[in-house]
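Here's a quick briefing on the model shown below. Have the viewer open while you go through the bullets.

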Amino acid sequence: MKRLIPSPPLSLALLVIWLLLNQSLEASTLLSGALLAIAVPLLTKGLRPATVRMRRPGVALRLCCIVLYDMSVSVFAVSRALLTRRSEHIQASFLRIPLDMRDPNGLAVLSMIMCLTPGTAWGEVAFDRSTLLIHVFDLEDEAAFIEQIKSRYERPLMEIFES
């Protein structure tokens, strides 16, 4: 069964999304959705990183709360900066952050956090995964920002994926 459906959660998600997009439970829709749910994971099996093994679900839940809080705060900070300051007073900058985490799944989650948080954008990760380049919309204190990323996101991700 594992050879036919290498990732059951992915297959289930694909089937549900297919049915929602088609807004139908007809036999043809169910059949085409089932075919996609089987074919896509098989065809993309080599593209996925190593199997995820979440070691600390409590830390993951706490990280989700931190990320949601930070995203909410960032929405208001970016909005306020855009509405009240001139562009020459906004200190947009690229920033290199040294990384201790090497796990590809942890780096993927960190990239999603950076891309979903208003005011930050993932640029690239060094080939050896030692440095992360991000763009920050309004950077006031480089050292404090680096410490915030490392303490609020990287360390919990290391506990979840590398412990």
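Arg129 counts as partly exposed, because its relative accessibility of 34% falls between the 20% and 50% cut-offs. This is a predicted model, and Arg129 sits in the loop between E2 and E3. Its phi is near 65 degrees, a positive value in a residue other than glycine. The hairpin of E2 and E3 that holds Arg129 has 5 residues between the strands.

**Another positive phi**

- Gln23 also goes positive in phi, at about 50 degrees, although it isn't a glycine.
- You'll find Gln23 in the loop between helix H1 (8–22) and helix H2 (27–43).
- Is Gln23 buried or exposed? Gln23 counts as exposed, since its relative accessibility of 73% is over the 50% cut-off.

**The sheet**

- Back to the strands of that hairpin: they belong to an open sheet of 3 strands, in the order E1-E3-E2, with antiparallel pairing.
- Strand E1 (93–98) and strand E2 (120–125) are the edges, each pairing on one side only.
- From one strand to the next, the twist averages 30 degrees.
- As general background, strands of a sheet pair through backbone hydrogen bonds, either parallel or antiparallel.

**Who pairs with whom**

- How many bridges join E1 to E3? There are 6 of them, and the two strands run antiparallel.
- Ser93 has Val136 in E3 as its bridge partner.
- E2 is joined to strand E3 (residues 131–136) by 5 bridges, again with the strands antiparallel.
- Want to walk along the E2 side of E3? Ala121 has His135 as its bridge partner in E3, Glu124 stands opposite Leu133, and Val125 is bridged to Leu132.

**Helices across the sheet**

- Helix H4 (residues 104–116) lies across E2 and E3, and its direction makes an angle of about 145 degrees with E2.
- Helix H5 (residues 142–161) lies across E1, E2 and E3, running at about 50 degrees to E1.
- Pro104 is placed in helix H4.
- Pro104 is partly exposed, because its relative accessible area of 28% lies between the 20% and 50% cut-offs.
- Pro104 and Val52 are 52 residues apart in sequence, yet their C-alpha atoms are 9.6 Å apart in space.

**The largest pocket**

- How much space lies in the largest pocket? It comes to about 590 Å³.
- The lining takes in 26 residues, and the closest to the pocket centre are Ser74, Ala77, Asp138, Phe145 and Gln148.
- Which elements give two or more residues to that lining? They are H3 and H5.
- H3 gives the most, with 9 residues.
- H5, then, turns up twice in this briefing: it lies across the strands E1, E2 and E3, and it also helps line the largest pocket.
- The general idea behind looking for such spaces is that rolling a probe the size of a water molecule over the atoms shows where empty space is left.

**A closer look at Ser74**

- Ser74, one of the residues closest to the pocket centre, has its place in helix H3 (residues 57–84).
- Is Ser74 buried or exposed? Ser74 is buried, because its relative accessible area of 12% is under the 20% cut-off.
- Leaving aside neighbours within four places in sequence, Ser74 is in contact with Thr117, Pro118 and Gly119.

**Domains**

- The domain assignment splits the protein chain into domain 1 (8–44) and domain 2 (57–162).
- Taken over C-alpha atoms, the centres of domain 1 and domain 2 are separated by 34 Å.

How values were computed:
Residues are numbered from 1 along each chain as its sequence is written. This is a predicted model: local features need pLDDT of at least 70, side-chain atom pairs count only at pLDDT 80 or more; totals for chains, interfaces and linings use all residues. Side-chain values use heavy atoms; hydrogens and water are left out. Helices (H or I, at least four residues) and strands (E, at least two) are DSSP runs, numbered from the N terminus. Buried means under 20% relative accessible area, exposed over 50%, partly exposed in between (1.4 Å probe, protein chains only). Contact means heavy atoms within 4.5 Å. Domain bounds come from an automatic or database domain assignment. Two strands pair if DSSP finds at least two bridges between them. Axes are lines fitted to C-alpha atoms, for helices over the stretch in contact, and angles run from 0 to 180 degrees between N-to-C directions. On a 1 Å grid over the protein atoms alone, a cavity is a set of points where a 1.4 Å probe fits but cannot get out, and a pocket is an open set with protein on both sides within 12 Å along at least five of seven lines; lining residues have an atom within 4 Å of a point. Grid points are joined across faces, edges and corners, and a volume is the space filled by probe spheres set on the points.
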